[in-house]
Amino acid sequence: MFGYAGKILFVDLSTRLIKTIPTDKYAADFLGGRGIATKIAYDLIPPDADALDPENVLVMMTGPLTGVAPSSSRIDIVSLSPVTNLLGGSSAGGDFGAALKFAGYDGIVITGRSKEPTCIRIIDDEVTFHDAEACWEYDVYDTVDCVKKLGREDVQVACIGKAGANLVKTAGISFSKRNLAARGGLGAVMGSKNLKAIAVAGTKGVKVRDTKRLMEVNFEIQKRIRESPAFKKYENWHANIALSLLKARRPYFGDYEEDYWEEAEEAVRNAKRFFEEMATLRPNSCFSCPLRCWAWVEYKDEEAPMVACQGTFPAILFILKIKDPELAWKVYLRLQREGMDIMGTAAVIAYASRLGLVKLGTEDILWLIDEIVNREGPGNVLAEGVKRASEHFGVPAVYVKGGMESWSSDVRPFRGVALAGAVSESGSISRAIHGFPASSYYTKPEKAKKVAREIVGDESAAEPTNYKGKAKLVAYFENEHIIADSLGVCDTPMLSIPLELWAEAFTAATGIEMSPEKLHFYAEKIRTLERMFNVRRGVNREEDTLSPRLFESVIRSGPWKGVKLDREKFERMKDEYYKLRGWDERGIPTEETLRKYELEW
């Protein structure tokens, strides 16, 4: 089986039985990565299971291009999310995906629950369990160091910090010390299974069908990435991303406050000075990627890796209203060490400020992070996520589908982002919006209009507050993300390169003819299966929504003064989106759609 490792590893933690199944059982129908992971989750997770039950399944899948194409060490994780109790999904870069494939596996499926804290080590065909009791409450950094001492320093590590061990709902899964599958609380799923870490190293490589052609295509992809504007901006992206987001009018402040944070510009200037003058940066890349979107950041006595393109540091500035870059750095380090979703946790802390539990912009934030990680005091409720906390305290909060904390963009003026947050099965806006023309409408207007014109046929669809054309844009970019997640490549470079080249890379690697049209067909099929997973759990139109506060609040100042989200127009966007997807007015795939994609309940 060219391009693929050829088998998927199944590990039952309850019985410690290990088996493999051939990847070709799924590959022809679901491509790889997110597609195969969703199919396995659909087949194995009972419709009435709870996310923290042993019956839940944690699936980590690479794609057919993982390890054999540029920017291709992605791994996609699918499980039942403890935040939404719906289909959860998140992905991460780094080196783990390639290492897993070189060990001979396209993915790992974790079932059951270990009786004791455990670690799994995979060295080619050797799969072993190791006692993790002593390191159960270690943070991510200490866990990675501890696991590497098991005998192989070259292993790549997926692990949880103390937050995941304590079943905090904003806990992610860390890949090494820097890449985090952040969204959906999947670190808590790993914690519920008493699984502290997975270490992997491999020596097998991957067989490809046409090495010469693959090298030619890879060379062309690398060349285009290096010539792209994104490649140049990443040289100083840590210093400039917050300013870029502010110019694009994307951030929200505090707990989705109605008033503009007048000190945002000062916070951005301070952050820029921090990265340019106070800290030392060593830019770096994930496996096989020419982009340098992450860097080792050294400040005073501490050095840590920071991925700039995810916008986590700006989220700390804006959502937690921190002007002091030293404090923002401390918050970043604390959240990263604990393996926590920075966006989600920041949103929870901002909500706590509405309750009077913490003052934003102060060191009290560090105290509250510890309370959440340790589930002490109010942190025990806040550890359940912002929606459940709001139900407990009786004070309305802001969230998107299923109770997921919002992403860094304010969804009130950005209608497409609002729609994506409502219809996404995981509630994770980040799995849809990268590449949205509205995101660059105020920084690169001509490019934004061109993208809207090519996809929708109307450049006015690029305007953030325009409801027109947003459903088609959401469906299109959802597909693009699914393709990236299923091939195993990073969406940042993928979206800047013609899809034809990625299809050519797939053909050269696997020997299977591929085209952009076929890739979009796969994406639509996978998207339909994701919907079926949630429909089976009772989801319909009513669940495709946002928290009421987002429809009730009117922005009072700043560039979006007077803007609000109109519920009636929002519902019409949903109608349009359902029709594009082949779903009925309730948001359920029609029989005709199921036949088209050869799917069955």
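Student: What makes Gly107, Val109 and Thr111, pointing one way from strand 6, and Ile108 and Ile110, pointing the other way, count as buried?

Tutor: Each of these five has under 20% relative accessible area, the cut-off for buried (exposed is over 50%, partly exposed in between, with a 1.4 Å probe and protein chains only). Strand 6 (residues 107-111) is therefore mostly covered, with five of its five residues buried. In a regular strand the side chains alternate between the two faces of the sheet. Bear in mind that this is a predicted model, where local features need pLDDT of at least 70 and side-chain atom pairs count only at pLDDT 80 or more, while totals for chains, interfaces and linings use all residues. Residues are numbered from 1 along each chain as its sequence is written, and side-chain values use heavy atoms, leaving out hydrogens and water.

Student: How do you know that strand 1 and strand 3 pair with strand 6?

Tutor: Pairing requires at least two bridges found by DSSP between two strands. Strand 1 (residues 7-12) has five bridges to strand 6 and runs parallel to it, while strand 3 (residues 58-61) has four and runs antiparallel. Both counts meet the cut-off, so both strands pair with strand 6. Asp12 has Thr111 as its bridge partner, and Met61 stands opposite Gly107. Strands here are DSSP runs of E with at least two residues, and helices are runs of H or I with at least four, numbered from the N terminus.

Student: Why is helix 19 called roughly perpendicular to helix 22?

Tutor: Helix 19 (residues 470-487) and helix 22 (residues 516-535) pack at about 95°, with axes 9 Å apart. The label roughly perpendicular covers 65 to 115 degrees (under 35 is roughly parallel, over 145 roughly antiparallel, the rest oblique), so helix 19 earns it. The axes are lines fitted to C-alpha atoms over the stretch in contact, and angles run from 0 to 180 degrees between N-to-C directions.

Student: What makes Tyr476 and Leu519 part of the meeting between these two helices?

Tutor: Contact means heavy atoms within 4.5 Å. Tyr476 is among the helix 19 residues that meet helix 22, and Leu519 is among those on the helix 22 side.

Student: Why is the set that includes Val331 and Leu546 called a nonpolar core?

Tutor: A nonpolar core is a set of buried Ala, Val, Leu, Ile, Met, Phe, Trp, Tyr and Cys residues joined through side-chain atoms within 4.5 Å. The largest such set has 119 residues, and Val331 and Leu546 have the most contacts inside it. Helix 13 (residues 342-354) gives the most to this core, nine residues.
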